[in-house]
Amino acid sequence: GRVQEQAGAPGQVVTLRSNHKTALLVLGVHLEAEGYPNVRYRIRDLKNSPWFETTEINVPMWRRVAGSRGDGVGRVSALLRALFAHLLLLAKYLRHGRAAVVYVPYPAVFVVWGLSWLPRRIRPNRVVLDAFISLYDTVVNDRQLLPPEGRRAALLKQIEKRAFTAADRVIVDTAQSAAYVCREFGLPSDKVVDVPLSTNQQTFHFMPYHPDDASCTVLFIGTFIPLHGLEAIIDAAIALRDCAHIRFRIVGAGQTSQTVANRIEGRRLNLEWVAEWQSSEALAAMIGDADICLGIFGAGNKTQRVCPFKIYNYAACGRAIVTGDTEWIRFATTGLGYRPFETVPVNDGAMLAQAISRLAESGEARRQLAKNSRRFYEETLSNEIAMSRFAVLLGASADPVESES
């Protein structure tokens, strides 16, 4: 039969053996585009997996990744589109017939909330909800788009809790996020599981690093949300403004863009800000040109729990990474015989500047960190690791058999 290895405890390999595929229905309102790599590449890998016979029903609730109208008319149109997409999806599910195993990719909460109102006899036997991150945590706590004491925040939390309760398993990206979701929504600890995100490994692939001590390019890529901690990065750029060989490149725009613009206005900095949207190929090329890549440095609680896409992409390409010293970092690197990242206290531009300065002076230190980050990706974050966990999580027809590592 088929043989597949599943990531188990450190130092242990679990081998799965199966002679037939498990039927799997992917049910969602997702947009399969580069702007949502976890959805796109997870579904692709499921369709290509020897473990699953995958069928997909998808009614995208978005028309495109970017460029939608942001005025009142645009928001109403988006709301109506989302409502229509969910209703049409449920109708297509009913026409399809009851499924044994359903995987609902992000954004999954309202899909599973809708399924929860169906009679039990026509609901799926097993539902796996890919939360990615909590909507309530993102909207209310992290981005502060709704006041926590308001009715809309309470309603969002109730909807999310009902969806999580109705699902058989809830997937998030890290063990710290899993613990948070269990606490926040009163779920049993074995219901929420962490699985690495799926990414574009064809574009963000290993690139050998050849340090040049004459110059050092420091790269940040992101959507400028609070957990990224752009203020600390700008503070570091200001502190290093007289170091002619250190050049900052910041790529992206978003919620904190105006704050960044105000901080750099009128200052003489070795900093380039590329605010325009960039393709995955262009971003990968920028990572390949970088000497140091920056992670996240925000002071909020959410920063402590996540491993952002940028870390996946930097590490996949094999570049030296400097990021905030978070709960996830400490947990993920405990027991390793090597240091995959350089870490600094969050929200501390002075310490970040010191770390960048040290690495800028040592090509060998950057080369070693680049090697280590790629090793960490292969051992912890790769698509292969994610799919090996999915094989068991989604009920692949397989029996785990221990084998020597």
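Contact, as the word is used here, means heavy atoms within 4.5 Å. That criterion underlies the description of how helices pack in this structure, which is a predicted model.

The account begins with a sheet. Six strands form an open sheet in the order 11-10-9-12-13-14, and their pairing is parallel. Strand 11 (271-274) and strand 14 (342-344) occupy the edges; each has a single partner strand, so one side of each is left without a neighbour in the sheet. From one strand to the next, the twist averages 20°. In general, the strands of a sheet pair through backbone hydrogen bonds, in either a parallel or an antiparallel manner. One pairing may be followed in detail: strand 9 (residues 216-221) and strand 10 (residues 246-251) are joined in the parallel sense over six bridges. Within this pairing, Phe-220 has Ile-250 of strand 10 as its bridge partner.

Two helices may be considered together with the sheet. Helix 12 (residues 349-360) packs on the sheet and touches strand 9, strand 10, strand 12 (292-294), strand 13 (320-324) and strand 14. The direction of helix 12 makes about 155° with that of strand 14. Helix 13 (residues 363-381) lies across strand 9, strand 12, strand 13 and strand 14, and runs at about 80° to strand 13.

Helix 13 also takes part in a salt bridge. The side chains of Asp-213 and Arg-366 meet at 3.9 Å, N to O. Asp-213 is in the loop between strand 8 (192-194) and strand 9, whereas Arg-366 is in helix 13, so the pair ties together parts that are 153 residues apart in sequence. The two residues fall on opposite sides of the accessibility cut-offs, since buried means under 20% relative accessible area and exposed means over 50%. Asp-213, with a relative accessible area of 54%, is therefore exposed, while Arg-366, with 0%, is buried.

In total, the model has 17 salt bridges. Another of them joins Lys-157 and Glu-184, whose closest N and O atoms are 2.6 Å apart. Because Lys-157 belongs to helix 5 (residues 151-166) and Glu-184 to helix 6 (residues 175-185), this pair ties together parts that are 27 residues apart in sequence. Lys-157 is partly exposed, at 25% relative accessibility, and Glu-184 is likewise partly exposed, at 26%.

A further salt bridge lies within the sheet strands themselves. The side chains of Glu-272 and Arg-247 meet at 2.6 Å, N to O. Glu-272 is in strand 11 and Arg-247 in strand 10, and the pair links distant parts of the chain, 25 residues apart. Glu-272 is partly exposed, with a relative accessible area of 29%; Arg-247 is also partly exposed, with 33%. These two residues and Arg-249 are linked in a network of salt bridges.

The final site is Leu-197, which lies in the loop between strand 8 and strand 9. Leu-197 is buried, with a relative accessible area of 2%. Leaving aside residues up to four places away in sequence, Leu-197 touches Asn-38, Arg-42, Phe-132, Asp-173, Cys-307, Phe-309, Tyr-312, Leu-381 and Asn-383. The C-alpha atoms of Leu-197 and Val-39 are separated by 8.8 Å, although the two residues are 158 residues apart along the chain.

Definitions and conventions
Residues are numbered from 1 along each chain as its sequence is written. This is a predicted model: local features need pLDDT of at least 70, side-chain atom pairs count only at pLDDT 80 or more; totals for chains, interfaces and linings use all residues. Side-chain values use heavy atoms; hydrogens and water are left out. Two strands pair if DSSP finds at least two bridges between them. Helices (H or I, at least four residues) and strands (E, at least two) are DSSP runs, numbered from the N terminus. Axes are lines fitted to C-alpha atoms, for helices over the stretch in contact, and angles run from 0 to 180 degrees between N-to-C directions. A salt bridge is a side-chain nitrogen of Lys or Arg within 4 Å of a carboxyl oxygen of Asp or Glu. Buried means under 20% relative accessible area, exposed over 50%, partly exposed in between (1.4 Å probe, protein chains only).
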